[in-house]
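Please open the model in a viewer and keep the sequence panel visible. The tour below proceeds by selection, from a single strand outwards to the pair of chains.

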Protein chains: 2
Amino acid sequence: MNVLLNESRIMNQESRQRRGSPKAARVLAGETSQKIDQEVLLKGWVRTRRDHGKLIFLDLRDRSGVVQLVVNPQVSEGAHKVSQELRPEYVIEVRGEVKKRPENTINKDLPTGEVEVEVKGLTILSKAETLPFDMGGEELNLELPTLLDNRTLTLRHPKISAIFKVQKTIASAFRKTLKEEGFTEIFVPTIVATATEGGAEVFSVDYYKHKAYLAQSPQLYKQMMVGIFERVFTIAHAYRAEPSVTTRHLSEYISLDAEMGFIDSYTDLMDMAEKVVKEMFRQVSENHQQELSLFGASVPPHKNRFLRLKMREAQEIIFKRIKRDHRSEPDLDPADEKEICQWALEEHGVPFVFITHYPTKKRPFYTMPDPRDPEYTLGFDLLGISEEWVTGGQRINDYQMLLSHIKKWGNKPEQFGLYLQAFKYGMPPEGGFAMGLERITKDLLGLSNVREASLYPRDMERIDERLQKPKKEK
Amino acid sequence: MNVLLNESRIMNQESRQRRGSPKAARVLAGETSQKIDQEVLLKGWVRTRRDHGKLIFLDLRDRSGVVQLVVNPQVSEGAHKVSQELRPEYVIEVRGEVKKRPENTINKDLPTGEVEVEVKGLTILSKAETLPFDMGGEELNLELPTLLDNRTLTLRHPKISAIFKVQKTIASAFRKTLKEEGFTEIFVPTIVATATEGGAEVFSVDYYKHKAYLAQSPQLYKQMMVGIFERVFTIAHAYRAEPSVTTRHLSEYISLDAEMGFIDSYTDLMDMAEKVVKEMFRQVSENHQQELSLFGASVPPHKNRFLRLKMREAQEIIFKRIKRDHRSEPDLDPADEKEICQWALEEHGVPFVFITHYPTKKRPFYTMPDPRDPEYTLGFDLLGISEEWVTGGQRINDYQMLLSHIKKWGNKPEQFGLYLQAFKYGMPPEGGFAMGLERITKDLLGLSNVREASLYPRDMERIDERLQKPKKEK
């Protein structure tokens with residue numbers, strides 16, 4: 001036994017030895033400004049190399065940002081020699097001393113622009129092949145297909161990775177707000193037995209020789225969970241087999257979903273959704289000024305309360321403003337949505353507005369009709385900047401009424417067994433809301449296509465790589 | 001304009017009116033112990049009703065727990081009348097006064113057992129049909145199929161919902177630890193173009209007339225993201241078309257995945273995995289003593305460092321302990337795993353042990369062979385209590401070596417386009433680990449089947465409801 005324990009001990013010793021002699025802990029590029037005149041160990045990727053005769057300048061990128069390295073043969077002949085071999089995306093380890101830059105060489109666009117690192121030793125950890133295009137500029141001016149064909153590489157560009165730094169904060173703000181409000185996080189399945197939310201826009205799965213489907217949303221499951229935890233949220237995968245390619249839709253996306261029971265009114269739901277969105281703004285504003293500035297973006301004004309209008313009121317406002325008469329349309333079209341956001345900004349200082357009371361026919365079967373006017377529902381959309389940010393509403397919580405709606409919407413109650421259980425055995429007044437993570441990311445940064453806000457976007461024409469034309473016979 | 005704004009204002013006023021006259025904010029069942037002699041408003045589900053002649057006792061359940069209500073006709077005749085109609089799972093709203101219970105009626109098993117609420121008013125919010133079985137006991141003694149056929153209902157039982165309170169904390173601890181260590185949360189797709197991790201155990205998807213698949217893990221994507229964020233984690237859906245029904249496997253499960261670059265040794269990965277698991281223990285221990293006690297469970301001892309053994313050493317130990325000679329087997333079998341955990345507990349006071357150096361042939365193509373003995377890898381499993389909790393390892397980060405392994409493992413490099421990009425353009429030494437959320441939940445609570453730790457488990461025989469026998473012709 002002791003022999004074996006000793007062997008383990010040796011393993012651990014050896015792994016320490018393999019790391020070489022004791023050396024300084026790694027310092028991140030973004031921390032160098034705080035380490036002036038200190039010796040540091042840096043690791044990262046070569047972003048650019050500029051050969052100025054004797055001196056070689058390298059931009060080193062790591063997860064914290066970028067810092068400039070100066071390789072001077074008079075300081076380290078070895079490092080200078082190795083540096084001549086370096087190309088973009090080489091992975092290197094560098095020992096050097098942080099120096100304050102002379103006043104006239106300070107780079108104000110770079111958070112570490114007041115310092116540079118004088119290189120004393122440089123090792124290549126991993127080599128890179130020649131890049132198919134230049135990645136060293138501030139912008140990566142590539143067409144979307146090229147950007148996506150080279151996604152793993154292009155994601156490394158600081159302006160592209162910035163999108164996903166903001167995205168993780170949006171998701172994090174969603175969770176934080178709801179946890180503080182007593183919501184429980186749940187994990188719900190994506191393989192479902194029936195295409196219960198209707199339509200042909202559903203992917204089918206070969207499930208042990210049965211036909212199953214990919215969930216269009218976590219809607220039914222989060223409602224079912226109100227009976228257990230009252231207030232739940234989930235960050236879910238949702239799938240839409242949209243047979244068209246638009247700038248607003250993905251075939252697989254991340255849905256931020258919340259549902260809460262014991263509401264007094266559907267207005268409680270809008271209060272909660274507003275709280276969530278405002279916390280997203282607060283966290284992005286607090287943590288991502290640098291990322292926002294890469295896009296010339298800023299968090300939209302949101303001090304004021306988000307206005308709440310019935311759909312018919314919104315149509316009336318649009319008619320009065322620009323004489324577009326959509327007052328008998330059953331929905332707002334994209335131009336209407338944009339117009340009403342513009343109105344909200346001008347009149348109320350905030351480009352967000354809740355629209356309630358869409359026609360019952362236009363909403364899903366589970367939406368609660370307004371008891372005072374059942375042609376319209378207690379559902380809502382939060383329109384933000386120019387499009388739908390959040391969709392939600394009060395749900396039908398009465399078993400019999402739900403049953404009749406399921407039938408009226410052309411579905412079969414027997415396909416809703418476990419869902420109907422929730423309502424058969426006592427469900428309080430409840431409702432919830434959902435928002436697409438990629439769409440919010442896109443709108444906050446002003447991206448032109450939602451694909452840019454998905455690490456590896458799925459659409460009709462692409463799963464990572466472009467799909468071949470489908471064969472006639474499978 | 002003003003007319004419309006006024007209308008909105010009226011809407012909001014009306015919703016306030018609908019709530020009735022101003023009344024106390026809702027108090028949760030679990031808060032009543034702090035409200036002795038105060039009037040409270042409670043909302044929740046009737047868990048049990050006990051009719052003691054004149055007095056009616058109700059257990060009211062809400063998201064915080066259970067509290068006893070006493071309905072005395074001398075206090076409220078109306079409430080008493082309504083209470084006679086109540087059945088389990090009715091949703092009610094109650095006004096009442098919190099009273100300290102007489103010493104001899106204190107219920108020590110209930111966190112609110114020192115108080116009860118004297119009911120002054122009671123309203124039914126939603127009715128429930130008669131339950132198919134009794135839900136009022138401490139245990140819900142049902143066979144698994146019955147439990148799952150009635151999943152939405154049975155999840156309401158306090159002992160069942162407790163499982164998912166613990167589960168959300170496990171997920172939360174995973175995130176917290178890694179965020180603090182500089183990891184970035186990522187969201188990766190589940191629809192993939194090729195069944196890249198091998199085997200027939202993969203679900204196929206009809207993707208716009210192309211054949212696509214459900215990802216067996218987020219493995220390749222998290223590795224790709226090391227080039228961007230160095231340290232990443234994701235809570236992902238993973239799919240295994242296991243053609244058998246065992247107590248340990250699900251067809252869809254939640255995978256907690258982490259990956260980190262710039263490691264000095266594969267031991268860094270075990271350090272990080274150990275930190276994550278120990279934070280899970282800490283948080284569950286701090287927040288869920290009540291839930292653990294329902295299962296007679298406790299957080300396993302974990303003060304000591306988790307031992308690290310090579311697979312061959314573990315086999316040697318097992319041979320010496322119980323004379324089972326598996327010393328030339330290429331893997332540990334379930335009995336071996338259990339035995340070595342038992343050994344670790346006895347010899348080292350902690351039922352967790354990392355096993356490293358499994359044979360290269362038995363690990364996935366991306367696992368780094370030990371340079372000193374390439375027949376064995378720098379991969380590891382963390383065995384906990386009796387089975388695999390975590391699997392991980394250092395990955396091959398050299399492009400040419402990876403290419404040759406892909407071929408040697410029988411795969412086609414052209415199916416790994418975006419994955420190979422990560423290594424073609426400079427990848428530091430890296431590795432990571434993954435663990436199944438349901439399995440850890442199961443082991444921590446001592447559940448006998450992993451299905452109990454999934455809200456709506458998927459397997460060969462069930463998607464929510466039992467699947468019919470597949471038809472011969474689709």
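A residue is called buried if 20 or more other C-beta atoms lie within 10 Å of its own, exposed if 12 or fewer, and partly exposed in between, with C-beta atoms placed from the backbone. Helices (H or I, at least four residues) and strands (E, at least two) are DSSP runs, numbered from the N terminus. The model is predicted: local features need pLDDT of at least 70, side-chain atom pairs count only at pLDDT 80 or more, and totals for chains, interfaces and linings use all residues. Residues are numbered from 1 along each chain as its sequence is written, while chains are lettered from A and ligands numbered from 1 in the order in which they are written.

**First selection: strand S18 of chain A**

Select residues 430-436 of chain A, which form strand S18. Seven of the seven residues are buried, so the strand is largely enclosed by the rest of the structure. In a regular strand the side chains alternate between the two faces of the sheet. Here A:Glu430, A:Gly432, A:Ala434 and A:Gly436 point one way, and A:Gly431, A:Phe433 and A:Met435 point the other way.

Two strands count as paired if DSSP finds at least two bridges between them. Add strand S11 (residues 252-261) of chain A, which pairs with S18(A) in the antiparallel sense over seven bridges. Then add strand S17 (residues 387-394) of chain A, antiparallel to S18(A) over four bridges. Which residue in S18(A) is the bridge partner of A:Ala258? The partner is A:Phe433, and A:Gly392 also stands opposite A:Phe433.

**Second selection: the whole sheet**

Extend the view to the eight strands of chain A that form an open sheet with mixed pairing, in the order S6-S10-S11-S18-S17-S16-S13-S12. Strand S6 (184-185) and strand S12 (307-310) stand at the edges, each with a single partner strand, so one side of each is left without a neighbour in the sheet. Within this sheet, strand S10 (residues 231-239) of chain A runs antiparallel to S11(A), joined by nine bridges. One of the places to inspect is A:Val232, whose bridge partner in S11(A) is A:Glu259.

**Third selection: helices H14 and H10**

Continue to helix H14 (residues 437-445) of chain A, where eight of the nine residues are buried, so the helix is largely enclosed by the rest of the structure. The buried residues include A:Leu437, A:Arg439, A:Ile440 and A:Leu444. Two residues are in contact if their C-beta atoms, placed from the backbone, lie within 7 Å. The buried residues of H14(A) pack against helix H5 (158-180), S11, helix H8 (267-287), S17 and S18 of chain A. After H14(A) comes A:Gly446, with a positive phi near 70°.

Next, select helix H10 (residues 311-322) of chain A. Its 12 residues reach 17 Å from the first C-alpha to the last, close to the 16 Å expected at 1.5 Å a residue; the expected span is 1.5 Å times one less than the number of residues. Among its buried residues are A:Met311, A:Ala314 and A:Ile318. The residue that follows H10(A) is A:Lys323, and its phi is positive, near 65°.

**Fourth selection: the two chains together**

Display chain B beside chain A. A rotation of 180° with 0.0 Å of shift along its axis superposes chain A on chain B, with an RMSD of 0.0 Å; copies are superposed by least squares on the C-alpha atoms of residues with pLDDT of at least 70 in both. The two copies are thus related as by a two-fold rotation axis.

Which residue of chain A comes closest to the rotation axis? A:Val205 does, at 2.2 Å (C-alpha). Select strand S8 (residues 204-207) in chain A and in chain B: three bridges join these two strands, which run antiparallel. In S8(B), B:Asp206 is the bridge partner of A:Ser204.

The contact between the chains takes 98 residues from chain A and 97 residues from chain B. Helix H1 (residues 2-18) of chain A supplies the largest share of the side of chain A that touches chain B, with seven residues.
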